[in-house]
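Student: Could you take me on a close look at a single part of this structure, one strand and what packs around it? I would enjoy a connected walk through it.

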Amino acid sequence: MKCRILGICGSPRTASTWRGLQIAMESAAEELGGEGETELVSFKGKRIEPCNHCNACKKNGGTCVIKDDMTELYDKLIEADAFVFASPVYVMNVTPQMSAFFSRMRPLHAVKGGKLKDKVATAIAVGGTRHGGQEQTVGAIVNACLTRGIVYVGGEPGFYSGAMAWSEDKGAAGIDADLIAVDALKCSGKRIARWARISALGKAAADKAEAEKK
Ligand SMILES: Cc1cc2nc3c(=O)[nH]c(=O)nc-3n(C[C@H](O)[C@H](O)[C@H](O)COP(=O)(O)O)c2cc1C
């Protein structure tokens, strides 16, 4: 069984958060071996408008009518078994780009229903200061997952809610220097890979059991 893990980087740059996501995704790919596929998406240069509550998706069966760089992401989101959502900390929260992205997922769960309900996710937050709101940013991602029907997978003892890093505003080098974060990122990658596998195998078994019951 092939598992797909999609990594989303909510920074408008490819710098420290991108590096953190790379570390986690490399670890996930290693854990999955030949069984898996991983893909990283950066928001650098992308235009993702926030949901404007026009409700067109409610009337047309769940298609967002805003045409921008989110359009091509819908299929990727549906095809993935698991996600790694990585955001820089902006004002102790996710970036506006990441927030817009989560709002645009509305048709996949809240409107069309159930498109994301068998998927799992974990979070990465990267701040420029040591205690700059990383935990709140992970919390915002957890909450976004809850509103989208995605099952959240936390971290390990020491970083319960997800991987958090301190970049010192030094880009990729800042992440490589934060050895505690590097360890957490690798652990998170392994853990989400295991859950991608559990989700993919469990979904197939659950679908079979439900079909037999009918
Ligand atoms: C508008 C803005 C707001 C920020 N707010 C915070 C903050 O609240 N806490 C923090 O630790 N760092 C904050 N930072 C710093 C970034 O989180 C930090 O530089 C991060 O490494 C950027 O990620 P990137 O290199 O992937 O773009 C902010 C940066 C910007 C541009």
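Tutor: Happily; what follows starts at one strand and works outwards to its partners and to the core. Please keep in mind that this is a predicted model.

Let us take strand S4 (120–127). Is S4 mostly covered or exposed? S4 is mostly covered, with 8 of its 8 residues buried. In a regular strand, side chains alternate between the two faces of the sheet. Here Val120, Thr122, Ile124 and Val126 point one way from S4, while Ala121, Ala123, Ala125 and Gly127 point the other way. Both sets are buried.

Now for the strands alongside. S3 pairs with S4 in the parallel sense over 7 bridges. Within that pairing, Thr122 in S4 is the bridge partner of Val84. S4 also pairs with S5, again parallel, over 2 bridges, and there Val120 stands opposite Val151 in S5. A further parallel pairing joins S4 to S6 over 4 bridges, where Trp166 in S6 is the bridge partner of Gly127.

Two loop residues are worth a stop, since you asked for the surroundings of the strand. Val153 is found in the loop between strand S5 (151–152) and strand S6 (163–166). With a relative accessible area of 5%, Val153 is buried, because anything under 20% counts as such. Which residues does Val153 touch, leaving out those up to four places away in sequence? They are Val120, Ala121, Thr122, Arg191, Ile192 and Trp195. Val153 and Thr122 are 31 residues apart in sequence, yet their C-alpha atoms are 5.2 Å apart in space.

The other stop is Ser167, in the loop between S6 and helix H7 (171–177). Ser167 counts as buried at 3% relative accessibility. Not counting residues up to four places away in sequence, Ser167 touches Val126, Gly127 and Gly128, together with Ser16, Gly174 and Ile175.

From here we can step back across S3 (82–88). Leaving aside neighbours within four places in sequence, Phe83 is in contact with Val120, Ala121 and Thr122, and also with Leu6, Leu77, Leu116, Lys119, Ile150 and Ile192. Phe83 is also one of the residues that touch the most other members of the largest nonpolar core, along with Leu77, Phe85, Phe101 and Met105. That core holds 33 residues. The elements that give two or more residues to this core include S4 itself, strand S1 (3–9), helix H3 (71–79), S3, helix H4 (96–104) and helix H6 (134–147). Which of them gives the most? H6 does, with 5 residues. There is also a second, separate core of 29 residues, which includes Ile5, Ala24, Ile192 and Ala200. Ile192 will be familiar, as it is among the contacts of Phe83 and of Val153.

The aromatic rings deserve a look too. A search of the whole structure finds 5 aromatic pairs. In one of them, the ring centres of Phe85 and Phe102 lie 5.2 Å apart with the planes at 80 degrees, so this pair is edge-to-face. Because Phe85 sits in strand S3 and Phe102 in helix H4, the pair ties together parts that are 17 residues apart in sequence. Both partners are buried: Phe85 has 0% relative accessibility, and Phe102 has a relative accessible area of 7%. Ring pairs also link Phe43, Phe83, Phe85, Phe101 and Phe102 into a cluster.

Helix H3 contributes to the core as well. The buried residues of H3 are Leu73, Tyr74 and Leu77. They cover an arc of only 115 degrees around the axis, so they lie on the same side of H3. Among the elements that cover these buried residues are S1, strand S2 (36–42), S3, H4 and helix H5 (106–111).

That brings us to S1 and S2, which run parallel and are joined by 7 bridges. Arg4 stands opposite Glu37 in S2. With helix H1 (residues 16–32) between them in the list, S1 and S2 make a right-handed β-α-β unit.

So what should you look for first when you turn back to S4? Try its two sets of buried side chains, then the parallel pairings with S3, S5 and S6.

Terms used. Residues are numbered from 1 along each chain as its sequence is written. This is a predicted model: local features need pLDDT of at least 70, side-chain atom pairs count only at pLDDT 80 or more; totals for chains, interfaces and linings use all residues. Side-chain values use heavy atoms; hydrogens and water are left out. A nonpolar core is a set of buried Ala, Val, Leu, Ile, Met, Phe, Trp, Tyr and Cys residues joined through side-chain atoms within 4.5 Å. Buried means under 20% relative accessible area, exposed over 50%, partly exposed in between (1.4 Å probe, protein chains only). Contact means heavy atoms within 4.5 Å. The arc is that of the directions from the helix axis to the C-beta atoms. Two strands pair if DSSP finds at least two bridges between them. A crossover is right-handed if, with the strands pointing away from the viewer, the path from the first strand over the helix to the second runs clockwise. Rings of Phe, Tyr and Trp (its six-membered ring) pair if their centres lie within 6.5 Å; planes under 30 degrees apart count as stacked, over 60 as edge-to-face and the rest as tilted.
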